[in-house]
Amino acid sequence: MEKPTIHPTADNLPFWQGCDARQLRYQACTDCGTVQRIPRSVCTQCHGTRLAWRESAGRGVVLSHTTVYRAPTPAFKADTPYVIALVDMDEGFRLMVNVRGGKNAPVAIGKAVRITFEARADRNVPVAELEQP
């Protein structure tokens with residue numbers, strides 16, 4: 001069984017286009033500089049509509065994580081157990097991503113990660129890898 005396909009919206013299409021090019025993109029307001037935690041059409045700080053996409057360095061730290069032992073659908077059963085982490089990126093935005101090798105590595109709050117990509121159907125999806133000390 002195939003994993004669900006990704007259906008970009010108008011707000012997040014540039015993010016997914018970046019992923020396809022193996023670039024992690026985030027959105028920031030060009031008026032006040034506020035980084036948007038999730039893509040949107042209006043700045044959360046100044047309510048301006050001049051939002052631009054920037055390329056991230058792909059580094060962050062684990063804010064929270066969980067290990068999934070019971071797949072939500074049969075498509076993910078072969079992957080269990082797997083680790084999902086909420087990652088605060090250095091630029092100020094947040095991602096929820098799978099941690100590559102997470103079931104075999106000590107994922108912990110505050111651990112440094114870098115974002116890489118893996119293919120899923122016709123898209124690349126971001127995944128986190130733990131940084132080596």
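Which residue takes a positive phi in the hairpin of β6 and β7? The close-ups below, all taken from a predicted model, start with that turn.

**View 1. The hairpin of β6 and β7.** Here A121 is the residue to look for, with a positive phi near 55 degrees. Two residues lie between the strands of this hairpin. On either side of the turn, β6 (residues 112-120) and β7 (residues 123-130) run antiparallel and are joined by eight bridges.

**View 2. V113 and its partners on β3 and β7.** Follow β6 back to V113, and you will find G60 as its bridge partner. This contact belongs to the antiparallel pairing of β3 (residues 59-68) with β6, which spans three bridges. V113 also stands opposite L130 in β7.

**View 3. The stacked pair of Y26 and F93.** Three aromatic pairs turn up in a search of the whole structure, and this view shows one of them: the rings of Y26 and F93 sit 5.0 Å centre to centre, with 10 degrees between the planes. The partners are 67 residues apart, Y26 being in strand β1 (residues 25-29) and F93 in the loop between β4 (82-89) and β5 (94-99). Y26 is buried at 9% relative accessible area, and F93 is buried too, at 3%.

**View 4. The tilted pair of F76 and Y82.** Why is this pair called tilted? With the ring centres 6.4 Å apart, the planes meet at 35 degrees, and an angle that is neither under 30 nor over 60 degrees counts as tilted. Both rings belong to buried residues: F76 has a relative accessibility of 14%, and Y82 has a relative accessible area of 12%.

Note on methods:
Residues are numbered from 1 along each chain as its sequence is written. This is a predicted model: local features need pLDDT of at least 70, side-chain atom pairs count only at pLDDT 80 or more; totals for chains, interfaces and linings use all residues. Side-chain values use heavy atoms; hydrogens and water are left out. Two strands pair if DSSP finds at least two bridges between them. Helices (H or I, at least four residues) and strands (E, at least two) are DSSP runs, numbered from the N terminus. Rings of Phe, Tyr and Trp (its six-membered ring) pair if their centres lie within 6.5 Å; planes under 30 degrees apart count as stacked, over 60 as edge-to-face and the rest as tilted. Buried means under 20% relative accessible area, exposed over 50%, partly exposed in between (1.4 Å probe, protein chains only).
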